[in-house]
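Hi everyone, thanks for making time this morning. I'd like to walk you through a structure that will be new to most of you, so please have a look at it with me.

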Amino acid sequence: MAKFLTLNTFASQEKRIEHRADHRVYLHDLAAKGKLLMAGPFLDETGGLIIWEAEDQAEVEALIAQDPFTLNGVFATTEIIPWKQVAP
């Protein structure tokens, strides 16, 4: 399994608040399946970071595509970065 970071920016704080509960349920489900390692917003609330464990980038793209934040236009941008963990 490979690890990936996604850096996301938010298009709208109003949409973010409206869809946050569904987004969190989705993320917790992925964490239970071992696909999501960590996630959370930046302190300035302009976006957030997600750390994934997946077979490849295509799987991460598919998981992001089903996120309620993606489906409802909350993410303005999403950048996927392959990542190598070297310490816990």
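Here is something to start us off: which residues does K3 touch, not counting residues up to four places away in sequence? Before I answer, please keep in mind that this is a predicted model. Now the answer: K3 touches L37, W52, E53, I81, P82, W83 and Q85. K3 has its place in strand β1, which runs over residues 2-10. K3 is buried, because its relative accessible area is 18% and buried means under 20%. One of those partners, E53, is also a polar partner: the side chains of K3 and E53 make a polar contact at 2.9 Å.

Let's stay on strand β1 for a moment, since L7 lies there too. Is L7 buried or partly exposed? L7 counts as partly exposed, at 32% relative accessibility. If we set aside neighbours within four places in sequence, L7 is in contact with F42, G48, L49, T77, T78, E79 and I81. You may recognise I81, which was on the list for K3 as well. To get a feeling for distances, take L7 and K35: they are 28 residues apart in sequence, and their C-alpha atoms are 16 Å apart in space.

On to the charged pairs. How many salt bridges does the structure hold? There are four, and I'll talk about some of them.

My opening example is R16 with E45, a salt bridge whose closest N and O atoms are 3.6 Å apart. R16 sits in helix α1, residues 13-32, while E45 is in the loop between β2 (36-41) and β3 (47-54), so this pair ties together parts that are 29 residues apart in sequence. The two partners have their own surroundings: R16 is buried, with a relative accessible area of 5%, and E45 is partly exposed, at 40%.

E45 has another point of interest. Most residues other than glycine have a negative phi. E45, however, has a positive phi of about 60 degrees although it is not a glycine.

Another salt bridge joins D29 and K33, with the closest N and O atoms 3.1 Å apart. Here D29 is partly exposed, with a relative accessible area of 36%, and K33 counts as exposed at 57%.

Then we have E59 and K35, where the closest N and O atoms are 2.7 Å apart. E59 lies in helix α2, residues 57-65, and K35 in the loop between α1 and β2, so the pair ties together parts that are 24 residues apart in sequence. Both E59 and K35 are buried.

Let's turn to the nonpolar side of things. Which residues make up the largest nonpolar core? It has 12 residues in all: F4, Y26, L27, L30, L36, I50, W52, A54, V60, L63, I64 and I80. The elements giving two or more residues to this core are α1, β3 and α2. If you'd like one residue to zoom in on, try L30. Leaving aside neighbours within four places in sequence, L30 is in contact with K35, L36, W52 and L63. So K35, which we just met in its salt bridge with E59, also turns up beside a core residue.

Helix α1 also carries H19. H19 is buried, with a relative accessible area of 12%. What does the side chain of H19 make a polar contact with? The partner is the side chain of N72, at 3.5 Å. Beyond its neighbours within four places in sequence, H19 is in contact with F69, N72 and V74.

Finally, the largest pocket. Its volume is about 270 Å³, and 18 residues line it. Nearest its centre lie H23, L27, A39, G40 and P41. L27 should sound familiar, as it belongs to the largest nonpolar core too. Which element gives the most to the lining? That is α1, with seven residues. Besides α1, the strands β1, β2 and β3 each supply at least two residues of the lining.

That's my tour, and if you take one thing to look at again, make it helix α1: R16 and H19 lie there, and α1 gives residues to the largest nonpolar core and to the lining of the largest pocket. Thanks for listening!

Definitions and conventions. Residues are numbered from 1 along each chain as its sequence is written. This is a predicted model: local features need pLDDT of at least 70, side-chain atom pairs count only at pLDDT 80 or more; totals for chains, interfaces and linings use all residues. Side-chain values use heavy atoms; hydrogens and water are left out. A salt bridge is a side-chain nitrogen of Lys or Arg within 4 Å of a carboxyl oxygen of Asp or Glu. Helices (H or I, at least four residues) and strands (E, at least two) are DSSP runs, numbered from the N terminus. Buried means under 20% relative accessible area, exposed over 50%, partly exposed in between (1.4 Å probe, protein chains only). A nonpolar core is a set of buried Ala, Val, Leu, Ile, Met, Phe, Trp, Tyr and Cys residues joined through side-chain atoms within 4.5 Å. Contact means heavy atoms within 4.5 Å. A polar contact is a pair of N or O atoms within 3.5 Å; within protein, one must be able to donate a hydrogen and the other to accept it, and residues adjacent in sequence count only if both atoms are side-chain atoms. On a 1 Å grid over the protein atoms alone, a cavity is a set of points where a 1.4 Å probe fits but cannot get out, and a pocket is an open set with protein on both sides within 12 Å along at least five of seven lines; lining residues have an atom within 4 Å of a point. Grid points are joined across faces, edges and corners, and a volume is the space filled by probe spheres set on the points.
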